[in-house]
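Below are my notes on this structure, point by point. Please read them with the coordinates open.

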Amino acid sequence: MPWFNRSIHIFTETEVANEPRDVKNRAFPHALIIGARKAGTSALQDFLKLHPQIRAPSHEPGWFFIDSEYTKGLGYYRTRLPPLQENQISIEKSAEYFHFPYVPERVWSFNSSMKILLIVRDPFVRLVSDYMFLKRYDKAPHCIEKKYTFEELAYNFTTGRVNTRWACLKRSVYFVWFQEWLKFFPREQILVVDGDDFAENNPGTELIRVENFLGVEPLLTEKYFFFNETKGFYCVKKTGCLHEGKGHEPISVAMKVERMIRDYLRPLNRKFYEMVGKDFGWQ
Ligand SMILES: Nc1ncnc2c1ncn2[C@@H]1O[C@H](COP(=O)(O)OS(=O)(=O)O)[C@@H](OP(=O)(O)O)[C@H]1O
């Protein structure tokens, strides 16, 4: 179905406000982590969940992008969310929200004050991670990534050019998706987190900025985390590292192909820097 034919329900403020919390006190999210896929969305959510004022579901509801979930309505969505206590807020993440162009309008029509968190990472590194993920992902047995090498998919042998139609690569062209969000949400309502900094440095530094944005007490300082040499990532002192599915050695990509993709992405990255107001320095 083309994205412009997707149903968008325009919720009235009273419709959302009058949808009472259920017996378990489940309430709608105050903020969404929208993506980008493979940029560290799980690490961001899992670390934020350490905060006593922040709750998040243990699964990804994906309510705003999965049509069959969205059309089940508000009451159903609420059952997919965690119970809240008086002083708590809830967040919800789906790494898919960012790059489905009908999602920003659905979110905006649901709650135009929703706080949006976007985490991005060097788009070439993200692309490799996305490819590797699809290669090992059981639930997509027929995806093209299962069949072909990275180079075969990234490079069009007929034209001698980068294969710009490859969906994985399209997901790395951040400005295209970001401009859809800016059509509905003011820039100040979207916090953009640098996923490379977040993964390489102690997450405590970046989390303070996120806590301030969410309006909760800044508690998640550097002392909550340690660097795990074996995993190659920061983990939580109390609970350990993210599960096995997160944090992999990247594959090595042929230099020529990497160079071609980076050359293709460079001017597109600059458009993203302009929209965000920050140069991420991706080579
Ligand atoms: N602390 C920590 N621990 C483990 N992994 C970390 C961490 N911080 C960032 N990352 C990076 O997160 C990548 C997975 O991103 P996502 O969680 O957004 O993936 S998903 O889109 O939800 O599937 C994951 O990608 P891969 O390395 O390809 O698995 C990691 O590079």
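1. **Confidence.** This is a predicted model. The chain's mean pLDDT is 93. A score of at least 70 is reached by 97% of the residues. For the complex, the predictor reports an ipTM of 0.99 and a pTM of 0.94. One caution applies to the remainder: where pLDDT is low, the predicted coordinates should not be read in detail.

2. **Annotated domain.** An unreviewed UniProt entry lists residues 29–243 as "domain: Sulfotransferase". Over that range, helix makes up 37% of the chain and strand 16%. The C-alpha atoms at the two ends of the range lie 24 Å apart.

3. **Main sheet.** Five strands form an open sheet with parallel pairing. Their order is 2-3-1-4-7. Which strands stand at the edges? They are strand 2 (54–55) and strand 7 (190–194). Each has a single partner strand, so one side of each has no neighbour in the sheet. Strand 2 runs parallel to strand 3 (residues 89–93), and two bridges join them. Within this pair, Ile54 sits opposite Ile89 of strand 3.

4. **Hairpin.** Strand 8 (residues 225–228) pairs with strand 9 (residues 233–236) in the antiparallel sense. The pairing runs over four bridges. Phe226 has Cys235 of strand 9 as its bridge partner. Four residues lie between the strands of this hairpin. In the hairpin, Gly232 has a positive phi near 80°.

5. **The loop after strand 1.** Check the backbone here. The Gly35 to Ala36 peptide bond is cis, with omega near -5°. Ala36 belongs to the loop between strand 1 and helix 2. Lys38 is also found in the loop between strand 1 (31–35) and helix 2 (41–48). Its phi is positive, near 65°, and Lys38 is not a glycine.

6. **Lys38.** UniProt, in an unreviewed entry, lists Lys38 under "active site". Is this residue buried or exposed? Lys38 counts as buried because it has 25 C-beta neighbours inside 10 Å, and the threshold for burial is 20 or more. Beyond four places in sequence, Lys38 contacts Ala95, Arg126, Ser129, Asp130 and Phe133.

7. **Ligand shell.** How many residues surround the ligand? There are 18. The closest are Thr41, Ser42, Ala95, Ser129 and Gly247. Helix 2, helix 6 (123–136) and strand 9 are the elements that give two or more residues to this shell. By class, the shell residues are nine nonpolar, six polar and three charged. Two of the closest residues, Ala95 and Ser129, are also contacts of Lys38.

8. **Helix 5.** Helix 5 (residues 103–110) is mostly covered, with six of its eight residues buried. The buried residues are Val103, Pro104, Arg106, Val107, Trp108 and Phe110. Note that Arg106 is on that list. The buried residues pack against helix 1 (13–17), strand 1, helix 3 (67–70) and helix 10.

9. **Glu180 on helix 10.** Glu180 lies in helix 10 (residues 174–182). Glu180 is partly exposed, with 18 other C-beta atoms within 10 Å. Setting aside residues up to four places away in sequence, Glu180 touches Pro101 and Pro104. Pro104 is among the buried residues of helix 5. A further long-range pair is Glu180 and Phe98: these are 82 residues apart along the chain. Their C-alpha atoms are separated by 9.0 Å.

10. **Tyr174 on helix 10.** Tyr174 is also found in helix 10. Why does Tyr174 count as buried? Because 29 C-beta neighbours lie inside 10 Å. Residues up to four places away in sequence aside, Tyr174 touches Ala36, Val120, Pro123 and Phe272. Ala36 takes part in the cis peptide bond of point 5. Tyr174 and Lys271 are 97 residues apart in sequence, yet their C-alpha atoms are 8.8 Å apart in space.

Technical notes: Residues numbered from 1 in each chain as written. Predicted model: local features only at pLDDT ≥ 70, side-chain atom pairs only at ≥ 80, totals over all residues. UniProt positions renumbered as here; feature names shortened; annotations may be inferred. Buried ≥ 20, exposed ≤ 12 C-beta atoms within 10 Å, placed from the backbone. Contact = placed C-beta atoms within 7 Å. Pairing = 2+ DSSP bridges. Near = placed C-beta within 6 Å. Nonpolar A, V, L, I, M, F, W, Y, C, P; charged D, E, K, R; others polar. pLDDT = per-residue confidence, 0-100.
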